[in-house]
Structures are given as structure tokens and as C-alpha cells.
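Biologist: Got a minute to walk me through this one? I'd like to hear about the contact between the chains first, then whatever else looks worth a chat.

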2 protein chains.
Amino acid sequence: MADKDLIVGVDLGGTNVSAGVFDGKSKLLGLQKNKTKAEQGSDAVIKRIVKTIQEALEISKSKLEDVAAVGIGAPGAIDVKRGVVLNAVNLRWTDFPLGKALAGEIKQNGLTVVVDNDVNVGTWGEYVAGAGRGIDDLLGVFVGTGIGGGLVLDGKLYHGHFSTAGEIGHIAMHPDGPLGRRTLENLASRTAVANLIGDLVRANRKSVITKLVEGNLADIRSRAIADAIKEKDELVTQVVQESAGYVGAAIANMVTVLSLKGVVLGGGLAEALGGPYLKWVRDAFERHVFPLELRDCKLKLSELGDSAGVVGAAALARSRVDS
Amino acid sequence: MADKDLIVGVDLGGTNVSAGVFDGKSKLLGLQKNKTKAEQGSDAVIKRIVKTIQEALEISKSKLEDVAAVGIGAPGAIDVKRGVVLNAVNLRWTDFPLGKALAGEIKQNGLTVVVDNDVNVGTWGEYVAGAGRGIDDLLGVFVGTGIGGGLVLDGKLYHGHFSTAGEIGHIAMHPDGPLGRRTLENLASRTAVANLIGDLVRANRKSVITKLVEGNLADIRSRAIADAIKEKDELVTQVVQESAGYVGAAIANMVTVLSLKGVVLGGGLAEALGGPYLKWVRDAFERHVFPLELRDCKLKLSELGDSAGVVGAAALARSRVDS
């Protein structure tokens with residue numbers, strides 16, 4: 001009988017669930033993606049996760065019996081020690097024992113199941129196999145529908161006392177503003193950027209975005225924003241540059257307080273915009289960080305993109321099996 | 001010959017230097033304080049540190065030969081591994097090898113000298129023997145002339161990659177404000193509070209502070225601010241409450257991002273104002289922190305006050321000798 005040396009990494013989102021099968025050398029053998037269908041309830045979601053894992057194993061020409069561990073990144077607040085999803089709005093879960101439910105459905109003796117927050121897992125992926133390689137004090141920032149973050153401190157994923165660390169999207173950027181809660185996510189997520197662009201266009205500002213989204217200002221995606229910037233659209237450029245300024249300032253605050261060695265910037269908006277976005281973030285970062293030596297902190301774009309989740313989840317599970 | 005079991009903790013500031021002698025059970029045997037006289041240059045400062053240590057030993061009826069280690073907290077940026085003060089404005093030091101210089105002046109074989117930042121050392125003191133006991137993920141915030149901070153993560157003093165971690169005073173609170181650099185220290189240090197009170201009084205706002213400082217509005221100290229609040233002075237209360245709001249928001253951001261278990265609040269202003277100040281800070285903290293569970297993070301006033309430095313420096317040195 002062969003040693004069990006396969007690891008499965010799962011990236012569970014409100015819309016899609018992906019599973020990747022990795023061999024003993026962390027090489028990806030097969031990847032599968034399905035709809036999550038959260039509205040069908042937790043039992044159905046667990047079954048779809050297992051189906052996705054099985055399809056990924058088929059693609060990899062491998063069997064469930066050879067899997068030593070499954071790592072899974074899930075959205076929301078996670079109790080990492082118990083493998084429980086405390087609260088995940090887009091999955092409609094509260095105090096859901098994901099680790100136990102998954103192990104119960106897979107029914108395999110000795111299988112290790114590791115659960116962590118999706119953004120932590122993505123940060124870990126970039127750390128072990130992406131833009132964060134070798135950066136032992138690393139912040140991952142993911143700018144998309146929302147803004148999430150993860151922290152690697154001294155080469156270990158950092159969770160903090162309440163297991164909620166890394167939530168850079170929820171730091172207050174205008175503590176004395178209206179109601180005192182303009183968070184980074186409120187100001188700089190793709191949602192915030194799209195809403196502001198929509199509002200300004202409706203207030204008679206001219207922009208190519210109207211044409212790019214065929215008049216549907218309620219549905220401005222990262223791709224259209226990137227295209228507008230490529231066409232040097234003044235309004236979209238201005239809004240995105242301002243939002244990148246907030247991201248840079250928030251990153252500077254975290255680097256100031258944690259004296260970090262590096263930051264990886266990912267997520268749908270950052271990936272669609274690429275270099276120019278990174279430059280705007282870096283400009284603001286350099287203006288705000290203290291002391292000046294911290295400008296040596298490396299800011300990089302993510303390298304793994306969408307696959308950071310499965311890569312990181314598998315790597316986390318691997319480290320649990322190996323330790 | 002008796003075992004060397006004494007530890008000396010030194011708190012080096014721009015104005016004063018204090019030394020405390022502790023026995024093997026971390027009991028304080030004797031404490032001495034002298035002027036630093038930084039203007040006389042580094043050689044003279046080193047001699048005054050050693051003189052202060054020797055006087056503290058005399059008070060303790062102990063001898064230098066029984067000292068196993070000296071811990072010293074110094075202001076500014078410190079290279080902890082090499083014991084070098086990289087930059088300390090109020091000591092006029094740049095790249096000064098404090099650890100080596102001190103060991104050279106004490107001239108004793110096998111003596112361990114440990115150098116760290118003064119605020120880190122104060123935070124460590126509160127962690128081992130003050131309000132932070134048992135709080136393994138702890139932020140120390142010290143509000144005085146400036147605002148400093150230190151971090152204990154997972155029971156260890158956290159320095160970060162560039163050795164500058166904890167600088168909560170330098171986080172940007174208004175990243176889009178004028179010049180983009182209104183830091184927490186700019187907004188909420190005792191200096192900032194005193195300047196704003198002075199400005200407002202000069203602009204015809206009424207306040208008992210004028211009487212309390214005998215008209216010397218350029219010299220508003222923590223004591224006078226505390227007295228004005230006790231007399232329910234509207235202006236001073238308003239300015240201090242607003243400044244405490246910034247401190248609470250900054251603490252909330254750090255607790256959000258690091259998922260901390262507790263925060264100790266110290267420094268001249270916080271200690272002079274006590275309970276009401278803590279309450280204002282806590283109100284803002286609770287408004288800003290995310291997620292809500294983090295309201296369980298404990299906010300406490302420092303217990304050690306002025307002696308946090310010598311206690312923490314000695315404890316750091318002890319941990320180095322014991323490890």
C-alpha cells in the first residue's frame with residue numbers, strides 16, 4: 001500500500017467552491033471548481049464540497065484513500081482550533097462545525113481536516129508559494145468585493161487571541177467622521193469604488209465607464225474599471241487613485257505598528273489593475289510609513305491570483321500533517 | 001561565593017536615568033534616579049548610568065559582583081540584537097553601541113547587557129508585573145509628551161523585521177488630511193492636547209486652565225489638565241475627550257488587526273487623568289472595534305507607572321539570563 005501523501009486544498013466561497021489535489025512535492029495534480037449553492041443549506045454545501053474534491057481527485061487520477069489531509073479556507077470568522085465557522089454571512093452559517101461535518105461526510109479514518117479563514121489561507125499561499133516567499137513578517141491585503149487581510153508573523157500564520165486577526169478592511173480611516181465608521185473597506189473596496197464612480201456619473205461627470213458597462217452603472221466590475229484606466233479616463237482614474245491612497249495609508253499604519261518585511265496585494269481589483277494600482281498604493285504607503293527605514297518593506301502584487309486559496313489551504317494542511 | 005542572582009533594570013530617558021536592583025525573586029531592593037545630562041555627550045551619559053547603578057546597589061547593600069545582568073530601556077529606534085541605539089533625538093545619539101559601551105564601562109566578566117526600546121520595556125514591565133499580567137497578546141500605549149507603544153504577542157515582546165514595532169503614535173489618523181500626516185501623536189499626545197487648549201484659550205475660550213497654570217499657557221502639564229477636568233472645566237474636558245477618542249480609535253484599529261486580548265494604557269497624561277480618561281478611550285474603542293466580540297478585549301490603566309521601565313528592563317534581562 002502506498003503512503004498517503006496527497007493533500008487536498010479547498011477554497012470555499014459564497015459563490016464557488018474549488019478543490020486542488022497536491023502531491024508530496026506540493027505539485028498541483030488536478031483542480032476542480034463548482035457552484036457552492038449556499039441557499040440549499042449546509043448539508044448540501046458539504047456534499048458539494050466533497051463532490052468537488054472527488055472530481056478533482058478523478059482529474060488527478062488519484063483516490064481518496066491516498067489523501068492524508070484536507071485544508072479548507074472558508075469566509076467569515078473562524079474558530080481555528082475547533083474548525084468551526086462562527087459567522088459567515090454569505091454562507092448563512094453561524095457556529096457551523098465545518099471541520100467535523102466535512103470529516104463526517106468523507107468518512108475516512110485518520111484524515112486530518114484543517115479549517116481557516118479564506119483570506120488567511122490566501123496569505124499563507126502567497127507566503128509558501130507566491131509573491132511572499134521568504135518574507136517571514138508578511139501582510140496579505142486582498143481588495144475585491146470587500147477588503148480582507150492576513151498576517152504571517154515570524155513565519156507563522158498569526159490569528160490573535162480571538163482568532164480574528166488580519167481584518168485590515170475594518171480599520172477606521174476617519175475615526176471622527178459621520179458615525180465614526182468609515183472603514184478602509186467602506187472607502188476602497190471594489191464595491192466602494194464602483195458605487196462612487198456610479199454616483200459621480202449620475203451626477204453628470206463624464207466617463208467612458210458608461211459605455212464600458214453598457215449603461216448598467218449598478219454593475220461596474222474590476223475588468224471595466226481596468227479598461228477605463230487603460231483608456232485614461234479621468235474620473236475612474238481619480239476615484240481609483242484616491243481609493244489606492246487609502247489602501248496605502250492603511251498598509252503604512254500596519255507596517256508602522258508591526259515593522260513588517262513585506263506586503264502582498266491581491267484580490268479582484270488589484271489583480272485587474274496591476275502595476276499602476278500597486279504604484280498608487282506604494283506612493284501613499286511611502287508618504288505615511290514611519291520611520292523612513294520601513295520604506296524598505298516590499299510591496300508586491302500577488303502571484304497566485306485565484307489559486308492562492310487552494311494552494312494555501314493545502315500547504316496549511318500539509319504543515320499540520322508534517323508537524 | 002554566592003551565585004550571581006541580582007538583576008539591574010535601567011530606564012534611560014532624555015532627562016532622567018533610573019536604576020533598580022532586583023533579587024532572584026524579582027523583588028526590588030533599591031532604586032536610584034539621577035539627571036541624564038545628555039548635553040554632556042555619550043561618554044558622560046554612560047558614566048552617569050553606571051554611577052546610578054552603583055548608587056542603587058549601595059542602597060540595596062549589594063555589590064556589582066553579584067549582578068548577573070543589566071537590562072536597559074532607551075528612547076528611540078533600537079537595534080535590539082546588536083544593542084545599538086540607531087537614533088534617539090533627545091539623547092543626541094545616532095548608531096550608538098549602548099550595550100557595548102555600558103559593558104565596557106562596568107568592566108565585569110560574563111555580565112549580560114540587554115538593550116531595548118523604553119516603551120517596549122515599559123510594556124514588558126506591565127506584562128510581567130503590572131496590569132498586563134497573564135495577557136499574552138497585549139498592547140501597551142503610553143500617552144505623555146509623545147505617544148509610544150509596545151506589543152507582546154503570544155507571550156513574547158514583538159519587535160518585527162525592522163525592530164521598530166509598536167509605534168502606535170505614528171499611525172496616520174487622517175490619511176487624506178493636510179499633508180496627509182496627522183498622526184495619533186499629533187492629535188492626542190499631552191503636547192497636542194496642551195497646544196490645542198492654549199490655542200483655544202488665546203482665541204477667547206474661557207477655561208480655569210489659565211488660573212491653574214498662572215497664565216503660562218505654554219506650559220500646560222498633565223497635572224493642570226487633570227485638575228481642570230476635576231473642576232469640570234468645559235473646554236479642557238472637551239479637548240481631552242476628543243483626544244481620548246483618537247486614542248480609542250487607534251487602539252480599536254490595532255485590536256481589530258491583531259485580535260488582542262488586552263491593552264494597558266499608561267504615560268503621564270493617562271496616569272494623571274485616570275478613570276475618566278480610560279472611560280473616554282474605552283467608549284471610542286467600543287465604537288470602532290470589529291468584530292463585536294473584540295469588545296471583550298480588556299482595557300486597563302497601567303499599574304506600575306514610572307517604575308514600569310526599570311521593572312521591565314530587569315525582567316527582560318532576567319529572561320535572557322535564564323534562557
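Modeller: Sure, here is a quick run through the interface, a small set of strands and a salt bridge, bearing in mind that this is a predicted model.

Biologist: OK, how many residues does each chain put into the contact?

Modeller: Chain A gives 42 residues, and chain B gives 42 residues.

Biologist: And how much area do chain B and chain A bury between them?

Modeller: About 3500 Å², with 61% of it on carbon and sulfur atoms. On the chain B side, B:Phe162, B:Val257 and B:His288 supply 18% of the area buried against chain A, more than any other three residues.

Biologist: How many salt bridges does the rule find across that interface?

Modeller: Zero between chain B and chain A. Polar contacts do turn up there: 16 residue pairs, both partners at pLDDT 80 or more.

Biologist: Which elements of chain B supply at least two residues each to the side that touches chain A?

Modeller: Strand S10 (147-153), helix H8 (234-258) and helix H10 (275-288) of chain B. The largest share comes from H8(B), with seven residues.

Biologist: How do the residues on that side of chain B divide into nonpolar, polar and charged?

Modeller: The side of chain B touching chain A has 21 nonpolar residues, 13 polar ones and eight charged ones.

Biologist: Back to salt bridges. How many does the structure hold over all chains?

Modeller: There are 14 over all chains. One of them joins the side chains of A:Arg133 and A:Glu303, at 3.6 Å from N to O.

Biologist: Where do A:Arg133 and A:Glu303 lie?

Modeller: A:Arg133 is in the loop between helix H3 (118-129) and strand S9 (138-143) of chain A, while A:Glu303 is in the loop between strand S13 (298-301) and helix H11 (308-322) of chain A, so the pair ties together parts that are 170 residues apart in sequence.

Biologist: Nice. Switching topic, what's the strand order in the open sheet of three strands in chain A?

Modeller: The order is S5-S6-S7, and the pairing is antiparallel. Strand S5 (77-79) and strand S7 (93-96) of chain A are the edge strands, each pairing on one side only. From one strand to the next, the twist averages 20 degrees.

Biologist: Over how many bridges do S5(A) and S6(A) pair?

Modeller: Three, in the antiparallel sense, with strand S6 of chain A covering residues 84-88.

Biologist: And which residue in S6(A) is the bridge partner of A:Ile78?

Modeller: That's A:Val85.

Notes:
Residues numbered from 1 in each chain as written. Chains lettered and ligands numbered in written order. Predicted model: local features only at pLDDT ≥ 70, side-chain atom pairs only at ≥ 80, totals over all residues. Heavy atoms only, no water. Pairing = 2+ DSSP bridges. Helix = DSSP H or I, 4+ residues; strand = E, 2+ residues; numbered from the N terminus. Axes fitted to C-alpha atoms, helices over the stretch in contact; angles between N-to-C directions. Contact = heavy atoms within 4.5 Å. Buried area = accessible area lost by both parts, 1.4 Å probe. Salt bridge = Lys/Arg side-chain N within 4 Å of Asp/Glu carboxyl O. Polar contact = N/O pair within 3.5 Å; in protein donor to acceptor, adjacent residues only side chain to side chain. Nonpolar A, V, L, I, M, F, W, Y, C, P; charged D, E, K, R; others polar.
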